[in-house]
Amino acid sequence: MLRLAKISDAPEILQTRIAAIRAQASLHYPAAEIEDWCSSRTAETYHTAIERKIVLVEDVNESVVAFGQLNPETAFIEAVYVSPPHSRQGIGLKILRALEAMAARRGITALTLEASLNAVEFYRRAGYVPVLEEKHPPTPKTSSATLRMRHEIRSRAARVFTENLRE
Ligand SMILES: CC(C)(COP(=O)(O)OP(=O)(O)OC[C@H]1O[C@@H](n2cnc3c(N)ncnc32)[C@H](O)[C@@H]1OP(=O)(O)O)[C@@H](O)C(=O)NCCC(=O)NCCS
């Protein structure tokens with residue numbers, strides 16, 4: 001079930017993020033960068049995000065198995081992470097479309113994101129196109145190479161993907 005995140009979800013959101021990075025990104029980045037990426041968020045980071053932004057979780061048997069985060073002020077998709085046992089089942093795309101729908105309901109017409117290299121094909125298949133390749137030194141908050149991508153969103157998505165989602 002897709003739902004808005006609660007503060008109490010923060011520890012599971014963090015664990016989902018770490019597991020997804022280690023499983024999906026390790027072939028694309030050096031080990032040190034993977035560990036920097038994993039440790040660049042805390043549960044408290046998500047308390048703030050849940051209060052101030054839009055954070056959705058996929059809940060299976062009362063456990064968080066995936067999440068996504070939209071900053072509606074900047075029209076930026078800040079995260080989509082799916083735990084490894086649940087990958088390639090359409091959950092990431094479902095979360096992405098739901099975030100797009102919620103953005104559309106707020107009048108946003110285009111979304112931008114910074115795709116890690118392992119996720120470029122996922123976003124490309126979802127309709128996102130590269131706008132600028134950015135390479136910069138590794139920092140605790142980001143990996144060394146990402147691809148900025150952008151997608152025009154349609155209001156139709158809002159009707160389709162938020163039918164069962166309570167805000
Ligand atoms: C990227 C990620 C969110 C995808 O989630 P997912 O639930 O596995 O993706 P979906 O099942 O919704 O995939 C939809 C389509 O995207 C494409 N896709 C997804 N993952 C892919 C991959 N690793 N390689 C190539 N194509 C991929 C496929 O076309 C897929 O359809 P298919 O399975 O029928 O072929 C997930 O792999 C993840 O959490 N990665 C680590 C964290 C991360 O990098 N997040 C993005 C930060 S920018």
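**Helix H1 passes helix H3 in a right-handed crossing.** The crossing is called right-handed if the near helix is turned clockwise from the far one by less than a right angle, and left-handed if it is turned anticlockwise. This is a predicted model, so local features need pLDDT of at least 70 and side-chain atom pairs count only at pLDDT 80 or more, while totals for chains, interfaces and linings use all residues. Residues are numbered from 1 along each chain as its sequence is written. Helices (H or I, at least four residues) and strands (E, at least two) are DSSP runs, numbered from the N terminus. H3 covers residues 43-52, and its axis lies 8 Å from that of H1 at an angle of about 115°. That makes the two helices, H1 and H3, roughly perpendicular. Axes here are lines fitted to C-alpha atoms, for helices over the stretch in contact, with angles running from 0 to 180 degrees between N-to-C directions. For the wording, under 35 degrees is roughly parallel, over 145 roughly antiparallel, 65 to 115 roughly perpendicular, and the rest oblique.

**Here is who makes the contact between H1 and H3.** H1 brings Ala 10, Pro 11, Ile 13 and Leu 14, and H3 answers with Ala 43, Tyr 46, His 47 and Ile 50. Two residues are in contact if their C-beta atoms, placed from the backbone, lie within 7 Å. Sorted by class, this contact has 7 nonpolar, 1 polar and no charged residues. Nonpolar means Ala, Val, Leu, Ile, Met, Phe, Trp, Tyr, Cys and Pro; charged means Asp, Glu, Lys and Arg; the others, Gly among them, are polar.

**Zoom in on Ile 50 of helix H3.** Ile 50 is buried, with 21 other C-beta atoms within 10 Å. The cut-offs: 20 or more other C-beta atoms within 10 Å of a residue's own is buried, 12 or fewer is exposed, and in between is partly exposed, with C-beta atoms placed from the backbone. Leaving out residues up to four places away in sequence, Ile 50 touches Ala 5, Lys 6, Ile 7, Ala 10 and Val 55. Its C-alpha sits 9.3 Å from that of Asp 9, although Ile 50 and Asp 9 are 41 residues apart along the chain.

**H1 also meets helix H2, with axes within 9 Å of each other.** H1 (residues 10-24) and H2 (residues 31-38) cross at roughly 165°. The pair H1 and H2 is therefore roughly antiparallel. The crossing of H1 and H2 is right-handed too. Ile 18, Ile 21 and Arg 22 of H1 make this contact with Ile 34, Trp 37 and Cys 38 of H2. By class, the contact of H1 with H2 has 5 nonpolar, no polar and 1 charged residues.

**Ala 25 lies in the loop between H1 and H2.** Ala 25 is partly exposed, with 18 other C-beta atoms within 10 Å. Among residues more than four places away in sequence, Ala 25 touches Ile 34, Ser 116 and Asn 118. Asn 118 is 93 residues from Ala 25 in sequence, yet their C-alpha atoms are 5.6 Å apart.

**This view shows the shell of 21 residues around the ligand.** A residue is near the molecule if its C-beta atom, placed from the backbone, lies within 6 Å of it. Ala 20, Gln 24, Ser 87, Gly 92 and Leu 93 come nearest. H1, strand E4 (76-82), helix H4 (91-105), strand E5 (110-116) and helix H5 (120-125) each supply at least two residues. The shell splits into 11 nonpolar, 7 polar and 3 charged residues.

**His 151 is found in strand E7, residues 145-152.** His 151 is partly exposed, with 18 other C-beta atoms within 10 Å. Setting aside residues up to four places away in sequence, His 151 touches Ala 110, Leu 111, Gly 127 and Tyr 128. Thr 112 is 39 residues away along the chain, and its C-alpha is 6.6 Å from that of His 151.

**Two loop residues, Asn 61 and Ala 75, have positive phi.** Most residues other than glycine have a negative phi. Asn 61, in the loop between strand E2 (54-60) and strand E3 (63-71), has phi near 50°. Asn 61 counts as exposed, with 6 C-beta neighbours inside 10 Å. Ala 75, in the loop between E3 and E4, has phi of about 55°. Ala 75 is partly exposed, with 18 other C-beta atoms within 10 Å.
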